[in-house]
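Work through these short exercises with the model open beside you. Try each task before you read its solution.

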Amino acid sequence: MKFFIDTANLAQIKEANDLGILDGVTTNPSLMAKEGIKGDAAVMQHYIDICNIVDGDVSAEVISTDYAGMIAEGEKLAALHENIVVKIPMIKDGVKAIKYLTSKGIKTNCTLVFGPGQAILAAKAGATYISPFVGRLDDISYDGMELIAQIAQIFAVQGYQTQILAASIRNPMHIIKSAQMGAHVITSPLASILALLKHPLTDSGLAQFLADHAKSNS
Ligand code: E4P
């Protein structure tokens, strides 16, 4: 399973990349706004900056919601860097845009996926990735992980090549369960990735080893 980081914060992207386990980055307009990135030129430069840090797919989201606008934006984003993946919302024109961009050899990530029917449509259109939003489903008392399992089963039965990118990850258990259920990728905030490191027995065991080494070498 690939690990993407879900942020537009360059320091956090560098920290995750330095761990040596990072395979890519996802952003969205809210994450860009959180970093104070405003204006077309600044947004484009920020995507290039991210691509210069991470050697992997970097999702950049379109703002348009009509077919022509999404195509124009998608082609402009894709021309920025070979690692750019154009993020397209799961709407009617979005499905058409995914089909078109795929036919031009441009990678796509279908975002805001909340149901298996949407996942099937995006796969049929040839999306490189689909992003089911696990945490946002949990927030409204649906089972986000169940959606990952359902999509994984459908894609396996149908032989779809589209990769399941579990998004809206809120905690380390979401990452572990995504791996169990067959997600190809997770995109997560840095905190949830780092939380995977932690176990109290690792910390106490290491402290004991170091203390015993210090005693026997004093
Ligand atoms: C990633 O591609 C999504 O935009 C992101 O994971 C959404 O996460 P959120 O629900 O925490 O905003």
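**Exercise 1.** Decide whether Asn83 is buried or exposed, and find what surrounds it.

*Solution.* Step 1: take the cut-offs. Buried means under 20% relative accessible area, exposed over 50%, and partly exposed in between, with a 1.4 Å probe and protein chains only. Step 2: apply them. Asn83 has 11% relative accessibility, so it counts as buried. Step 3: place the residue. Asn83 sits in the loop between α4 (67-78) and β4 (84-89). Helices (H or I, at least four residues) and strands (E, at least two) are DSSP runs, numbered from the N terminus. Step 4: list the contacts, meaning heavy atoms within 4.5 Å. Neighbours within four places in sequence aside, Asn83 touches Val54, Asp55, Gly56, Asp57 and Val58. Step 5: look for a polar contact. This is a pair of N or O atoms within 3.5 Å; within protein, one must be able to donate a hydrogen and the other to accept it, and residues adjacent in sequence count only if both atoms are side-chain atoms. A polar atom of the Asn83 side chain lies 3.4 Å from the backbone oxygen of Gly56.

A note on the source: this is a predicted model, with residues numbered from 1 along each chain as its sequence is written. Local features need pLDDT of at least 70, side-chain atom pairs count only at pLDDT 80 or more, totals for chains, interfaces and linings use all residues, and side-chain values use heavy atoms, with hydrogens and water left out.

**Exercise 2.** Compare Ser141 and Ser168: which phi value does each take, and is each buried or exposed?

*Solution.* Step 1: start with Ser141. It lies in the loop between α7 and α8. Its phi is positive, about 65 degrees, although it is not a glycine. Its relative accessibility is 73%, so Ser141 counts as exposed. Step 2: turn to Ser168, in the loop between β7 and α9. Phi of Ser168 is also positive, near 55 degrees, and again the residue is not a glycine. Ser168 has a relative accessible area of 9%, so it is buried.

**Exercise 3.** Describe the surroundings of Gly144.

*Solution.* Step 1: Gly144 belongs to helix α8. Step 2: at 1% relative accessibility, it counts as buried. Step 3: beyond its neighbours within four places in sequence, Gly144 contacts Val134, Leu137 and Asp138. Step 4: check the distance to Ser168. The two residues are 24 apart along the chain, and their C-alpha atoms are separated by 9.4 Å.

**Exercise 4.** Which residues of helix α9 are buried, and what covers them?

*Solution.* Step 1: α9 spans residues 172-181, and His174, Ile175 and Ser178 are buried there. Step 2: these residues lie on the same side of α9, because they cover an arc of only 100 degrees around the axis. The arc is that of the directions from the helix axis to the C-beta atoms. Step 3: the cover includes β1 (2-6), α7 (134-139), α8 (144-158), β7 (163-166), β8 (185-188) and α10 (190-195). Step 4: inspect the ends. At the start of α9, a side-chain oxygen of Asn171 comes within 3.0 Å of the backbone nitrogen of Met173. Just after α9, Gly182 has a positive phi of about 95 degrees.

**Exercise 5.** Which residues of α6 and α8 meet?

*Solution.* Pro116, Ala119, Ile120 and Ala123 in α6 meet Leu147, Gln150, Ile151, Ile154 and Phe155 in α8.
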